[in-house]
Amino acid sequence: MQIIISNQSKEPIYEQICVQVKTQILKGELEAGEALPSMRQLAKDLGISVITTKRAYEELEKNGFIYSVVGKGSFVSEQNNEMMKERKMKVIEEQLLSAVENSKEIGIPLTELIELLTLLYREEN
């Protein structure tokens, strides 16, 4: 599992962890039943507080992405297709919201952003 934290992001660190883990699960990079690093290990690897990783794992568990087994650790949950689609849509919405916010900050009009999105979509298909 690879997590990259940005101290310059407006997004809290626990949310950055949540978003990246969710994305990896939804893309199939993390598979059902796969063990996640312990909260302490992830905190050590990222150079952050265990409280932060605990909050991220609690959010992920609350949203059904992971489950915890006392004394064993945290694992990726099974994902059903409808739930997976809803979660993917949420990830897309979050990413689009971020793109809109970033474009507003540098003065890109909505029409230009839509053109860019259309161009990127066509390149991928």
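# Briefing on a predicted helix-and-strand chain

Ser103 has its place in helix H4, where helices (H or I, at least four residues) and strands (E, at least two) are DSSP runs numbered from the N terminus. The model is a predicted one, in which local features need pLDDT of at least 70 and side-chain atom pairs count only at pLDDT 80 or more, while totals for chains, interfaces and linings use all residues. Residues are numbered from 1 along each chain as its sequence is written, and side-chain values use heavy atoms, with hydrogens and water left out.

**Overall architecture**

- The chain holds five helices and two strands, and reading along the sequence gives the pattern α-α-α-β-β-α-α.
- The C-alpha trace of the chain spans about 55 × 35 × 20 Å along its principal axes.
- The chain has 125 residues, of which 26% count as buried; here buried means under 20% relative accessible area, exposed means over 50%, and partly exposed lies in between, with a 1.4 Å probe and protein chains only.
- About 8900 Å² of the chain is exposed, and carbon and sulfur atoms supply 54% of that area; accessible areas come from the Shrake-Rupley method with a 1.4 Å probe, and for residues only the protein chains shown count as cover.
- Among contacts in the chain with a separation of 6 or more, 47% are between residues 24 or more positions apart, a contact being heavy atoms within 4.5 Å.

**The annotated domain**

- According to the UniProt annotation, from an unreviewed entry, residues 11-79 are covered by "domain: HTH gntR-type"; UniProt positions are given in the numbering used here, feature names are shortened, and annotations may be inferred rather than shown by experiment.
- Over residues 11-79 the chain is 51% helix and 12% strand, and the C-alpha atoms at the two ends are 26 Å apart.

**The strand hairpin**

- Strand S1 (residues 66-69) pairs with strand S2 (residues 73-76) in the antiparallel sense over four bridges, where two strands are said to pair if DSSP finds at least two bridges between them.
- Tyr67 stands opposite Phe75, which belongs to S2.
- Three residues lie between S1 and S2 in this hairpin, and Gly71 in the turn has a positive phi of about 80°.

**Helix H4: a buried serine and a surface patch**

- Ser103 counts as buried because its relative accessibility is 5%, and, leaving aside residues up to four places away in sequence, Ser103 touches Ile108 and Leu113.
- A nonpolar patch on the surface is formed by Met89, Ile92, Leu96 and Leu117, which together have about 340 Å² of accessible area.
- Such patches are made of residues with over 30% relative accessible area and no salt bridge, with like charges joined within 9 Å and nonpolar side chains (Val, Leu, Ile, Met, Phe, Trp, Tyr) within 5 Å.
- Helix H4 (residues 81-105) provides the largest share of the nonpolar patch, namely three residues.
- Met89 is placed in helix H4, and Met89 counts as partly exposed because its relative accessibility is 42%.

**Salt bridges**

- A search of the whole structure finds three salt bridges, each being a side-chain nitrogen of Lys or Arg within 4 Å of a carboxyl oxygen of Asp or Glu.
- One of them joins the side chains of Lys10 and Glu105, at 2.6 Å from N to O.
- This pair links distant parts of the chain, with Lys10 in the segment before helix H1 (13-26) and Glu105 in helix H4, 95 residues apart; Lys10 and Glu105 are both exposed.
- In another, the side chains of Lys54 and Glu58 meet at 2.5 Å from N to O, and both residues lie in helix H3 (residues 50-62), four residues apart, about one turn of the helix.
- Lys54 counts as partly exposed at 40% relative accessibility, and Glu58 is partly exposed as well, with a relative accessible area of 43%.
- Glu59 also forms a salt bridge, with Lys62, and their closest N and O atoms are 3.5 Å apart.
- Because Glu59 and Lys62 are three residues apart in helix H3, about one helical turn separates them.
- Glu59 is partly exposed, with a relative accessible area of 24%, whereas Lys62 is exposed, with a relative accessible area of 61%.
- Lys62 and Lys44 are 18 residues apart in sequence, and their C-alpha atoms are 23 Å apart in space.
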